[in-house]
Amino acid sequence: PYHHIGTHRQSLEPLMPARRSVTLDPEGPYAVVHMRYREGDRSAEHDRWGASPLPVIDTLSEDERNRATLIHIFPTGLLTLLPDHVEFYRMFPEGPGRIHVEKLICVPPEVAARPALEAEVAEIVRGFLTIRDEDITICKAVQEGLGSRFADPGRLCHLQKAIWQLAAYVAGIRTLRPGHVVDGRIFRVDS
């Protein structure tokens, strides 16, 4: 988590307003964020940007059909659960300023057998690239701001709770030593 959904003003914010997102309080090194679709508006049911060409998974509850869920497994794991598919990100840090990302799109077996699947997934990828391009702009601006001599760490808003959780995780691992107790668990290094 490096920003909240509201920074995606052209792509996600109109579909999933940041104010409707809910970040849970997990008991582990991860964050869970439910991003609810605009009231009465599911991407899978409309013919416009953000609309998935795939069918909604019919075993989902009404609540699950009306949201996307991001699961950030610290430090680099990311899953996105959507009403019609799952996105799994594989991240490979290549150095302090570079990371290689692979995104896998997972669908139920009956969807994988659809003749139009390749074109449908290509449409999902086009949407992802729009979001990714916004991410690049956002991340570059944040990095430039943090590099300024005027940068001063400020408070984060409630929409940035997942960022608080990641910061707490990073602060914890920076000071951990084998044998330390964290949240009732003993940190150890297996050899």
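The exercises below work through strand pairing, burial and salt bridges in this predicted model.

**Exercise 1. Strand S2 and its neighbours**

Task: Determine whether strand S2 is largely enclosed or not, and state which strands pair with S2 and in what sense.

Solution.

Step 1. Begin with burial: strand S2 spans residues 30–36, and five of its seven residues are buried, so the strand is largely enclosed by the rest of the structure.

Step 2. Turn next to the preceding strand, S1, which covers residues 22–23 and runs antiparallel to S2, the two being joined by two bridges. Within this pairing, Thr23 has Val33 of S2 as its bridge partner, and the connection from S1 to S2 is a hairpin of six residues.

Step 3. Then consider strand S3, residues 67–73, which pairs with S2 over seven bridges, again in the antiparallel sense. A position that helps to fix the register is Val32, which stands opposite Ile71 in S3.

**Exercise 2. The surroundings of Arg67**

Task: Decide whether Arg67 is buried or exposed, and describe which side chains make polar contacts with Arg67.

Solution.

Step 1. Locate the residue: Arg67 lies in strand S3, the strand that pairs with S2.

Step 2. Apply the accessibility criterion, in which buried means under 20% relative accessible area. Arg67 has a relative accessible area of 14% and is therefore buried.

Step 3. List the polar contacts of the side chain, which include one of 2.4 Å with the side chain of Asp63 and another of 3.1 Å with the side chain of Thr69.

Step 4. Place the Asp63 contact in its wider setting, since Arg67 and Asp63 also belong, together with Arg36, to a network of salt bridges.

Step 5. Complete the picture with the contacts made beyond four places in sequence: Arg67 touches His34, Met35, Arg36, Tyr37, Leu81 and Pro83. Arg36 thus appears both among the residues that Arg67 touches and in the salt-bridge network.

**Exercise 3. The S5–S6 pair and its salt bridges**

Task: Describe how strands S5 and S6 are paired and connected, and establish which residues form salt bridges with Arg90 and Glu94.

Solution.

Step 1. Establish the pairing: S5, residues 86–95, and S6, residues 98–106, run antiparallel and are joined by nine bridges. The hairpin between them passes through two residues, and Gly95 has Arg98 in S6 as its bridge partner.

Step 2. Examine Arg90, which forms a salt bridge with Glu102 in which the closest N and O atoms are 2.4 Å apart. This pair links distant parts of the chain, with Arg90 in S5 and Glu102 in S6, 12 residues apart. Both partners are partly exposed, Arg90 with a relative accessible area of 35% and Glu102 with one of 26%.

Step 3. Examine Glu94, whose salt bridge with Arg98 has its closest N and O atoms 3.1 Å apart. Here Glu94 is partly exposed at 47% relative accessibility, whereas Arg98, with a relative accessible area of 58%, is exposed.

**Exercise 4. Salt bridges in the whole structure**

Task: State how many salt bridges a search of the whole structure finds, and characterise the one between Asp133 and Arg132.

Solution.

Step 1. The search of the whole structure finds eight salt bridges.

Step 2. In the bridge between Asp133 and Arg132, the closest N and O atoms are 2.8 Å apart.

Step 3. Assign accessibility to each partner: Asp133 counts as partly exposed at 39% relative accessibility, and Arg132 is partly exposed with a relative accessible area of 34%.

Key: Residues numbered from 1 in each chain as written. Predicted model: local features only at pLDDT ≥ 70, side-chain atom pairs only at ≥ 80, totals over all residues. Heavy atoms only, no water. Buried < 20%, exposed > 50% of the residue type's maximum accessible area, 1.4 Å probe, protein only. Helix = DSSP H or I, 4+ residues; strand = E, 2+ residues; numbered from the N terminus. Pairing = 2+ DSSP bridges. Contact = heavy atoms within 4.5 Å. Salt bridge = Lys/Arg side-chain N within 4 Å of Asp/Glu carboxyl O.
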